[in-house]
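The following note is offered to a colleague who is beginning to read protein structures. Please keep the model in view while working through the points.

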Amino acid sequence: MSLKRIVLRDFVIVSELDLELSSGFTVLTGETGAGKSILIDAVQLVTGGRADVNLIREGAARTDVSAEFEATPAVLAWLEDAGFEPGDSLLLRRTIDTQGKSRAWINGSPATATQLRALGEQLLDIHGQHAWQSLTRPDAVRGLLDAYAKVTTDAVATRWQQWRAAQDKLAQAQASQASLHNERERLTWQISELEKLSPAPDEWPSLNAEHARLSNAQALLEAAQSALQVLDESEMSARSQVGSALDSLQKQEHIEPVFKGLDEVLASSLAQLEDAVHTLRAYLRKTEPDPDRLSVLDQRLGLWVSMARRYKRAAEDLPELLTSWKAQLQTLDAAADLQVLEAAVAATHQAYLQEANQLTRARQAAAPKLAQTITQAMQGLGMQGGQFEVQVLACAQPLQTGLEEINFLVAGHTGSTPRPVNKVASGGELSRLALAIAVTTSQLGTAQTLIFDEVDAGVGGAVAETVGRLMCQLGSDRQVMAVTHLPQVAACADQHWVVSKQLAGNATLSSVAAVRGEERVSELARMLGGERILASTLTHARDMLSSQGA
């Protein structure tokens, strides 16, 4: 069992509803317009369906739907990967207010509609009353076969996109060879001009610093000589004055302890003065004006400034500019290398074909098996002797979904030639075919809850009884819910719910109740005979239930 409970608040024409659900096969019946499909709509909403303000009951501020599911190992693994708190069961909740704002929760934690949909795909398999329409859509037909073959088009689509991208690059390169050549010549000339300067990354600030020193060499020498004169070479130099002060205090420090601390300060100052004098003398020995070097620097700086003006860049940006031009040239060289691009096209095409051929083999192997399974299901649905074929045909050109198109062909009875599904004239045949496919694919799926929303439209009599037995059979190992108007189907159910509507003041409300015993007999009789229920109709209803062991 998967769906354990569903709670609705102000949903469409439901004020409040709290249903405990069981395993096996459950049917929902009721008069036309009573809202039999409301529960299906609610389940779809809480598993990520489109939020629509029209789902809010008239006069209410918001609608609120909650559903409790069994927490299977696959669900628990998904919750852990998605960062949700696992529990003994899975609780989904969705609300919509009148402003159209939708909110969702998974096990009490905020979630997105996308996350609800991802969970819903594992929990539910819903077959709508217009399921036959999908049989005319190529994407749905292909998807059905791929699901049966247990393959996806993800890998082949990725390879196809890579192949197309390589083709586009080659086409662009071929179309722009002339412009690429001109652009390459321009970049090559600019690079050669800038390489004459050969600007090093840290050269500009270094040049400026050295030029500033040499252009002010005389002033710097005079400053150093003047400082040396004051510190050491004059009669009243700072060095001699500090030394005299230190000598005077040292002679008296045995009497005044304070002098001892001052001695240490003066001794440190004297040592620092001596270091400064030593540095100044070394500077004066090795420093002298160098007009030749200054001239070289003037010329070098001039080249930097000239290049910066030519290319309208700051001088310090020239090294980075040269690097970027070289990178652009490499890109152009690669784009202009048609052989490399042609090789890329060939390689990506080969990779696509490898994936596509693998997909083709899987489809070709699965097609006859799917056809046989659906053909067998058709025999019990009023299409005795009918035949279903899955046609795998090569496409005119490769697609991101593979190398073939998939067609469904059907022959409704013995001796008829299989024709495309969209050429089948009978709506009843289409409905029964869709039901056969729904039952077949449901048996293959992993969802624990199967929901059939009036997929039995267009069938009746013995076929309807077969439909009921098929759904009951499915319910032996999975939870099956079906909205139906056929008493033959309803009689096969393990549980029977009746949807009805009542007038409450000026509002119409819908409710759901389980029926058993005579209540169930009365509902089947209503489905058989309409509003006037005769004794014979009640007898027929009892016979239907007893024949099913209900």
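The numbered points below describe selected parts of this model, which is a predicted one.

1. **Strand S12.** Is strand S12 buried or exposed? S12 covers residues 449-453, and five of its five residues are buried, so the strand is largely enclosed by the rest of the structure. The cut-off behind this reasoning is that a residue is buried when its relative accessible area is under 20%. The enclosure can be followed on both faces of S12: Thr449, Ile451 and Asp453 are buried on one side, and Leu450 and Phe452 are buried on the other.

2. **The partners of S12.** Strand S8, residues 124-127, runs parallel to S12 and is joined to it by four bridges. Within this pairing, Asp125 stands opposite Leu450 of S12. Strand S13, residues 479-483, also pairs with S12 in the parallel sense, here over five bridges. Two residue pairs may be looked up in the model to follow the pairing with S13. Thr449 has Gln479 of S13 as its bridge partner, and Asp453 has Val483 of S13.

3. **Strand S13.** How many of the five residues of S13 are buried? Five of the five are, so S13 is largely enclosed by the rest of the structure. On one face the buried residues are Gln479, Met481 and Val483, and on the other they are Val480 and Ala482. Besides its pairing with S12, S13 is joined by four bridges to strand S3, residues 25-29, and these two strands run parallel. Phe25 has Val480 as its bridge partner in S13.

4. **Helix H4.** Helix H4 consists of twelve residues, 138-149. From its first C-alpha to its last it reaches 17 Å, which is close to the 16 Å expected at 1.5 Å a residue. Its buried residues are Val141, Arg142, Leu144, Leu145, Asp146, Tyr148 and Ala149. A general point helps in reading such a list. An α-helix has 3.6 residues a turn, so residues three or four places apart point the same way. The list for H4 includes charged residues, Arg142 and Asp146, as well as nonpolar ones such as Val141 and Leu144. Just after H4, Lys150 takes a positive phi of about 60 degrees.

5. **Other positive phi values.** Two further residues deserve a check of their backbone angles. Val12 is a residue other than glycine with a positive phi, near 55 degrees. Val12 is found in the loop between strands S1 and S2, and its relative accessibility of 26% is why it counts as partly exposed. Asn107, likewise not a glycine, has a positive phi near 50 degrees. Asn107 lies in the loop between strand S6 (102-106) and strand S7 (109-111).

6. **Cavities.** The structure holds three cavities of 30 Å³ or more. About 40 Å³ of space lies in the largest of them. Which residues line the largest cavity? They are Leu8, Val14, Leu17, Gly35, Ile38, Leu39, Val499, Ser510, Ser511 and Val512. Strand S2 (14-20), helix H1 (38-46) and strand S15 (507-514) each supply at least two residues of this lining. S15 gives the most, with three residues. By character, the lining divides into seven nonpolar residues, three polar and no charged.

7. **Arg5.** Arg5 lies in strand S1, residues 3-11. Its relative accessibility is 30%, so Arg5 counts as partly exposed. What is Arg5 in contact with, once its neighbours within four places in sequence are left aside? The contacts are Asp18, Leu19, Glu20, Ser66, Ala67 and Glu68. By contrast, Arg5 and Asn357 are 46 Å apart in space, C-alpha to C-alpha, and 352 residues apart in sequence.

8. **Arg186.** The place of Arg186 is in helix H6, residues 177-197. Arg186 is partly exposed because its relative accessible area is 36%. How many Å apart in space are Arg186 and Val439? Their C-alpha atoms are 69 Å apart, and the two residues are 253 residues apart in sequence.

Technical notes:
Residues are numbered from 1 along each chain as its sequence is written. This is a predicted model: local features need pLDDT of at least 70, side-chain atom pairs count only at pLDDT 80 or more; totals for chains, interfaces and linings use all residues. Side-chain values use heavy atoms; hydrogens and water are left out. Buried means under 20% relative accessible area, exposed over 50%, partly exposed in between (1.4 Å probe, protein chains only). Two strands pair if DSSP finds at least two bridges between them. The expected span of a helix is 1.5 Å times one less than its number of residues. On a 1 Å grid over the protein atoms alone, a cavity is a set of points where a 1.4 Å probe fits but cannot get out, and a pocket is an open set with protein on both sides within 12 Å along at least five of seven lines; lining residues have an atom within 4 Å of a point. Grid points are joined across faces, edges and corners, and a volume is the space filled by probe spheres set on the points. Contact means heavy atoms within 4.5 Å.
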